[in-house]
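Dear colleague,

I am passing on the structure below, together with some notes on what turned up in it. Please read the notes with the model open beside you.

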Amino acid sequence: MNGVGISVVNALSSRTEVVVERDGHCWRQTFSQGIPTSSLIQGEPTKKRGTRVEFLPDRDIFPDVAFDVERIIEMCRAKAYLNRGVRIHLWVEATGATYQFHFPGGLKDYIDQWLAEKQFVVDKKFSGFVEQQGDTVNPLRLEWAMAWTQDEKGKVLSYCNTIPTPEGGTHEAGIRTALLRGMRDYAEARGLLPKGITVIAEDVLDGMWALVSIFIHEPEFAGQTKERLASGWVSRQVEGAFKDHLDHWLHGNVEMATRLVESIVGKAQERHNRRKDSGAVKRKTATTRLTLPGKLTDCSSPDGMQSELFIVEGDSAGGSAKQARNRHNQAILPLRGKILNVEQANLEKFEKNTEIQSLITAIGTGYGTRFDLSALRYGRIIIMTDADVDGAHIASLLLTFFFRFMTGLIENGHLYLAQPPLYRLTCGADSWYALDDAEKEVKVTDIQKQKSRSGKAKIDISRFKGLGEMDPRQLRETTMDPNTRRLLRVWVDDSDLTHGTFNRLMGKKPLERFLFIQERAPFAQESLDI
């Protein structure tokens with residue numbers, strides 16, 4: 001796609017010839033070991049358009065030249081169904097075998113062959129094609145074909161510009177989000193969702209076999225192998241284009257759609273019952289104690305969904321939090337310093353990082369492709385950091401980790417940010433707390449109005465340096481007690497913007513952060529916390 005492939009083939013071949021038909025003529029040039037052996041020759045006039053490449057591997061580099069015919073066959077087949085209507089002819093000179101590949105219906109034709117032996121939840125497959133051009137800032141061509149089978153697990157094959165993306169990426173994320181929203185919306189509209197049951201992505205994707213193909217300009221991939229699409233804008237645009245067609249398909253085939261959604265809701269109920277029957281979440285026992293992080297102070301409740309895990313920074317805050325907590329349903333996991341920035345770290349660093357691994361083990365769901373929401377040990381995961389710049393940075397690092405590796409926690413409403421106060425205001429025997437400067441000013445005004453009648457309006461204002469500075473009673477009252485605390489629920493309403501923001505602010509390009517700081521310099525002059 002970037003010209004690297006033909007450059008490598010050219011350099012490693014004793015002879016390469018490229019023939020291009022365009023602009024009314026046939027153009028030809030030959031090379032040997034990457035060096036031109038002829039000039040660019042303008043040949044006979046032609047009305048055709050196309051390119052032919054012939055190459056002979058260099059025998060000094062490849063003593064035994066043996067092409068993998070089966071691999072070439074599969075590649076030709078993939079190119080044929082990804083480019084609907086095209087005909088590809090393959091002739092293997094050594095055996096005289098010939099092959100022809102032609103899928104006029106594109107992915108729809110191929111999925112019929114692919115799943116010929118499968119048993120389906122509903123016989124009707126969902127396929128479609130969208131091409132957005134014209135005034136669209138980022139034009140794209142999207143095609144999909146999918147079916148729900150009786151299999152326990154499914155499979156998704158995705159492509160960008162005919163390049164396989166086995167690790168998925170933003171195009172798959174857009175499809176997945178739209179599917180989850182569409183199935184949930186249909187279930188709620190038709191009254192198919194029992195009280196207390198929530199459909200998650202796992203329920204929708206189980207047993208689903210799908211092909212997804214997208215064509216876009218200048219795609220960005222994660223890593224040189226191009227196994228995951230990273231173009232941030234793709235997710236939202238794919239989600240919008242796909243969701244409209246999904247809604248029409250569901251509501252236009254009510255009997256079929258109801259059967260399908262009932263099957264999905266049934267999987268959600270089974271998952272809920274499994275968790276309920278197994279006691280929801282197992283707490284520390286003689287046999288499980290050693291599997292949990294040593295620094296984790298667990299709670300005793302057997303009901304995981306009613307339990308909370310507070311992630312705190314440092315042993316000092318952890319000590320106060322342990323004394324302030326409700327031992328029945330509140331667990332404490334102190335982390336040492338600032339955790340690894342997963343946006344920049346490689347897999348080896350990620351897997352060896354003690355703090356990250358402690359976090360993964362305590363939560364229980366696994367991460368990435370192995371994420372399993374049904375194994376979640378706590379209904380609420382609460383990030384509790386100091387109310388200052390360092391605390392905000394640690395919270396940002398944790399949010400990056402959760403967004404990249406445990407997105408399901410966010411999608412299903414399990415991740416929260418604690419809101420500890422920055423200020424304590426004292427007037428006489430009474431005390432108040434304020435989250436920030438703005439709230440402090442409001443409270444000062446209110447206190448002065450209240451106390452002016454009694455003549456006692458002297459207000460002492462103290463600033464907390466961190467959670468560890470609070471005594472357990474203050475921490476419980478302001479930050480941990482459900483009756484008096486304030487929590488922010490972490491939610492993503494624009495996955496495209498969120499993906500881009502994490503990439504820009506936490507990624508490997510310092511220039512992006514520098515530009516971000518420059519753009520917000522006027523704001524910083526008013527808001528520096530030094």
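A residue is called buried when its relative accessible area is under 20%, exposed when that area is over 50%, and partly exposed in between, using a 1.4 Å probe and counting protein chains only. Ser-301 is buried, because its relative accessible area is 4%, and it lies in the loop between helix H7 (254–277) and strand E13 (308–313). Ser-301 and Arg-327 are 26 residues apart in sequence, and their C-alpha atoms are 8.5 Å apart in space.

Please bear in mind that this is a predicted model, in which local features need pLDDT of at least 70 and side-chain atom pairs count only at pLDDT 80 or more, while totals for chains, interfaces and linings use all residues. Residues are numbered from 1 along each chain as its sequence is written, and side-chain values use heavy atoms, with hydrogens and water left out.

Helices (H or I, at least four residues) and strands (E, at least two) are DSSP runs numbered from the N terminus, and two strands pair if DSSP finds at least two bridges between them. One open sheet has 5 strands in the order E14-E13-E15-E16-E20, with mixed pairing. Strand E14 (330–335) and strand E20 (487–489) stand at its edges, each with a single partner strand, so one side of each has no neighbour in the sheet. Within this sheet, E13 runs parallel to strand E15 (residues 380–384) and is joined to it by 5 bridges, with Leu-309 standing opposite Ile-381 in E15. Helix H14 (residues 472–480) packs on the sheet and touches E13, E14, E15 and strand E16 (415–418) (contact means heavy atoms within 4.5 Å), and its direction makes about 120 degrees with that of E15; such angles run from 0 to 180 degrees between N-to-C directions, with axes fitted to C-alpha atoms, for helices over the stretch in contact.

Another open sheet of 5 strands has the order E8-E9-E12-E10-E11, again with mixed pairing, and its edge strands are E8 (126–132) and E11 (163–164), each of which pairs on one side only. Strand E10 (residues 155–160) and strand E12 (residues 208–216) run parallel and are joined by 6 bridges; the bridge partner of Lys-155 in E12 is Trp-209. Helix H6 (residues 234–252) lies across E8, strand E9 (140–148) and E12, at about 130 degrees to E8.

Finally, Phe-55 is found in strand E5 and counts as partly exposed because its relative accessibility is 39%.

With best wishes
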